[in-house]
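Visitor: Please examine one helix-to-helix contact closely and place it in the context of the whole protein. A formal account with residue names would be appreciated.

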Amino acid sequence: MKWNRGKFQIKKRNIPMQHTPYPNPSILYDRERAEETALYYYEELPSTNQTAKEILLSEENGRRFIVLADRQSAGRGRLGRRFYSEGGLYFTYAFPHGSFSLPPELLTTAAAAAVCRAIADEGFPAEIKWVNDILLNGKKICGILAEALSKENAVLGYVVGIGINIGISDFPEPLSETAASLSGDFLLKSRIFRRVRRYFTQTLNGSPQKILDYCTKKSCVIGKPIRYFGAREGCGIAQGLDKNGGLIVKKGNGEILHLTGGEISVRTQG
Ligand code: BTN
């Protein structure tokens with residue numbers, strides 16, 4: 001079934017893959033969810049997180065929305081890194097403050113659970129590497145960047161950016177060592193996008209414990225010896241997730257740490 005909105009013809013239930021001219025955003029509604037989440041679709045943006053923040057600042061209707069782009073010229077990762085963004089699936093959820101009940105510190109964990117589940121539904125045995133990476137066979141296929149947006153010391157909302165490598169045949173060096181892509185076209189992208197949107201939306205007002213349990217089950221670090229870097233540095237065994245999504249680590253001397261950020265790697269030796 002098709003319906004028209006201005007010059008855009010959208011196949012109902014499909015992610016709109018018709019191209020809209022950059023830089024003018026078009027709000028493309030999925031009618032079934034129009035009340036819930038508007039979708040802004042672009043061919044190219046510097047960063048969907050950046051655009052989502054700009055829209056969040058300029059809109060005051062208190063509604064959730066998603067910004068989606070085919071490419072990002074300045075895709076951003078955690079810790080100030082770049083995120084390679086050519087031809088995969090790049091989108092950002094924006095939530096006005098107070099539009100969900102989940103503790104905001106669990107947004108990254110909830111997004112990781114939604115992505116992992118959506119990818120697993122397609123038959124890929126995805127795993128979660130704390131705190132924001134989804135891996136397939138040990139290589140990164142997705143990164144997540146959650147940010148809070150504040151104005152005059154008040155939190156206005158949150159953006160959660162998700163980049164999934166789908167249909168990327170080549171990564172530049174040295175990324176090709178650590179990154180991988182799901183093979184597939186826009187149909188796979190649209191299925192994964194719709195599932196992530198559904199699962200993520202469900203968890204926003206759902207049980208935090210369910211998210212933590214799922215992420216524990218799908219973790220590729222819990223139970224393993226790890227190295228941690230950032231504000232704190234050292235080694236230990238990853239024990240589990242705390243109620244805020246932090247990683248519980250037992251050091252060699254028995255001390256228990258709760259990591260809230262930074263980086264980890266699984267130790268293969270030493
Ligand atoms: C990371 O791996 O450190 C996080 C990567 C997050 C990438 C996504 S792609 C969509 C959104 N827009 C951005 O600029 N970054 C996030």
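Guide: Two residues are taken to be in contact if their C-beta atoms, placed from the backbone, lie within 7 Å. On that basis, among contacts in this predicted model between residues at least 6 apart in sequence, 59% join residues at least 24 apart. The protein has 4 helices and 15 strands, and 36% of its 270 residues are buried.

The part chosen is the pairing of helix α2, residues 107-121, with helix α3, residues 186-204. Two packed helices are described by the angle between their axes and the distance between those axes. Here the axes come within 8 Å and cross at roughly 140 degrees. That angle makes α2 oblique to α3, since only angles over 145 degrees count as roughly antiparallel. The crossing of α2 past α3 is right-handed.

On the α2 side, the residues that meet α3 are A110, A111, A113, A114, V115, R117, A118, I119 and D121. Their counterparts in α3 are I192, R195, V196, Y199, F200 and T203. By class, this contact comprises 11 nonpolar, 1 polar and 3 charged residues.

The surroundings of the ligand offer a second composition to set beside that one. The ligand is surrounded by 20 residues, of which S47, G77, G143, G161 and G163 are the closest. Elements giving two or more residues to this shell are α1 (48-58), β6 (86-96), β9 (139-151) and β10 (154-164). The shell divides into 5 nonpolar, 12 polar and 3 charged residues.

Methods: Residues numbered from 1 in each chain as written. Predicted model: local features only at pLDDT ≥ 70, side-chain atom pairs only at ≥ 80, totals over all residues. Axes fitted to C-alpha atoms, helices over the stretch in contact; angles between N-to-C directions. Parallel < 35°, antiparallel > 145°, perpendicular 65-115°, else oblique. Left-handed = near helix turned anticlockwise from the far one by under 90°. Nonpolar A, V, L, I, M, F, W, Y, C, P; charged D, E, K, R; others polar. Near = placed C-beta within 6 Å. Buried ≥ 20, exposed ≤ 12 C-beta atoms within 10 Å, placed from the backbone.
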